[in-house]
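Biologist: I'm new to this one, so could you walk me through it and tell me what backs up each label? Let's put it on the screen first.

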Amino acid sequence: MQVINLRLHRKKYLLNKKSLRYFITKTENNLPLNIDEMADAIDKEVWTEIDCLSCANCCKTMSPTYTFQDMKRIAAHLNMKIKDFKAKWLYFDKRENDWMNVKRPCQFLDKKTNMCSIYEVRPADCSGFPHLTKKPMKDYIYIHNQNIEYCPATYKWVEKLKERILLQKVMINSIDQAEKIIYDK
Ligand code: SF4
Ligand code: SF4
């Protein structure tokens, strides 16, 4: 399991962001048929390599979105009224049409341990983040364009996806070439 070095991640991101973003945009309209299975397999690999507790960069730099159910559940957990919970920590982002945190890092992040103090009742957006297996992938791959900047797991997942898709293309081309040689003879 890899301990995350966020400074190194930032350097790698700045060096490779153009090519990875180009890959995501190009691939979005030309995904392999087995993309959902591929996404699941790479997701499993990534989580054997990444230790989120050494990172917590999502909780430090981004805000989750809060649904009404999230607010209801978390407010009840904190023994608060929903309106007081909202007034204390959230604002409504008109552009995104979502409730978000006022503060970054998130008020529920324990900065010493990188643990979430409301883990059992955290927003659905947090429990699903970084959405590496969301289906169908063709409708969600664009979100990684933003997340590769902040999330080392997403960065690794996109790198691995790029390698696999390129390898698949090389193999298909080699088979095509071989068939041409055999049948043109
Ligand atoms: S609620 Fe918990 S998991 Fe979600 S951003 Fe805050 S600290 Fe992180
Ligand atoms: S989900 Fe990504 S950004 Fe969040 S802690 Fe894990 S590796 Fe870091």
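Modeller: Let's start with a pair of facing residues: Tyr91 stands opposite Met100, which belongs to S3. Keep in mind that this is a predicted model.

Biologist: What makes strand S2 and S3 a pair?

Modeller: A pair needs at least two bridges found by DSSP. Strand S2 (residues 90-93) and S3 are joined by four bridges and run antiparallel, so they count as a pair by that rule. Phe92 also has a bridge partner in S3, namely Trp99.

Biologist: And how do you know that strand S1 pairs with strand S3?

Modeller: The cut-off is again at least two bridges. Between S1 (residues 65-66) and S3 (residues 98-101) there are two bridges, with the strands running antiparallel, so this counts as a pair too. Here Tyr66 is the residue opposite Trp99 in S3.

Biologist: Why are S1 and S2 called edges?

Modeller: Three strands make up an open sheet, ordered S1-S3-S2, with antiparallel pairing. S1 and S2 each have a single partner strand, so one side of each has no neighbour in the sheet.

Biologist: What makes Asn97 worth pointing out?

Modeller: Its phi is near 60°, which is positive although the residue is not glycine. As a rule, most residues other than glycine have a negative phi. Asn97 sits in the loop between S2 and S3, and the hairpin of those strands has four residues between them.

Biologist: How do you know which kind of peptide bond joins Arg104 and Pro105?

Modeller: Look at omega: at about -10°, this bond is cis. Most peptide bonds are trans. Pro105 lies in the loop between S3 and strand S4 (109-110). Another cis bond runs from Phe129 to Pro130, with omega near 10°. Pro130 is in the loop between helix H6 (124-128) and helix H7 (144-150).

Biologist: On to the helices. Why are H4 and H5 described as they are, parallel or perpendicular?

Modeller: The axes of H4 (residues 68-77) and H5 (residues 82-89) cross at roughly 95° and come within 9 Å. Angles of 65 to 115 degrees count as roughly perpendicular, and H4 and H5 therefore get that description. Met71, Lys72, Ile74 and Ala75 of H4 make the contact with Ile82, Phe85 and Lys86 of H5. Five of the contact residues are nonpolar, two are charged and none is polar.

Biologist: What makes up the shell around ligand 1?

Modeller: Among its residues are Cys59, Cys106, Cys116 and Cys126, along with Phe108 and Arg122. The shell divides into nine nonpolar residues and one charged, with no polar ones. Cys counts as nonpolar in this scheme and Arg as charged.

Biologist: Which residues surround ligand 2, and how do they divide?

Modeller: The surrounding residues include Cys52, Cys55, Cys58 and Cys151, as well as Asn57, Phe129 and Pro130. Helix H3 (57-61) and helix H8 (152-184) are the elements that each give two or more residues to this shell. Eleven of the shell's residues are nonpolar, one is polar and none is charged.

Biologist: Last one: which domains does the chain have, and how do you know?

Modeller: The domain assignment gives domain 1 as 1-58 + 130-176 and domain 2 as 65-128. Taken over C-alpha atoms, the centres of domain 1 and domain 2 are separated by 27 Å.

Technical notes. Residues are numbered from 1 along each chain as its sequence is written. Chains are lettered from A and ligands numbered from 1 in the order in which they are written. This is a predicted model: local features need pLDDT of at least 70, side-chain atom pairs count only at pLDDT 80 or more; totals for chains, interfaces and linings use all residues. Axes are lines fitted to C-alpha atoms, for helices over the stretch in contact, and angles run from 0 to 180 degrees between N-to-C directions. Angles under 35 degrees count as roughly parallel, over 145 as roughly antiparallel, 65 to 115 as roughly perpendicular and the rest as oblique. Two residues are in contact if their C-beta atoms, placed from the backbone, lie within 7 Å. Domain bounds come from an automatic or database domain assignment. A residue is near a molecule or strand if its C-beta atom, placed from the backbone, lies within 6 Å of it.
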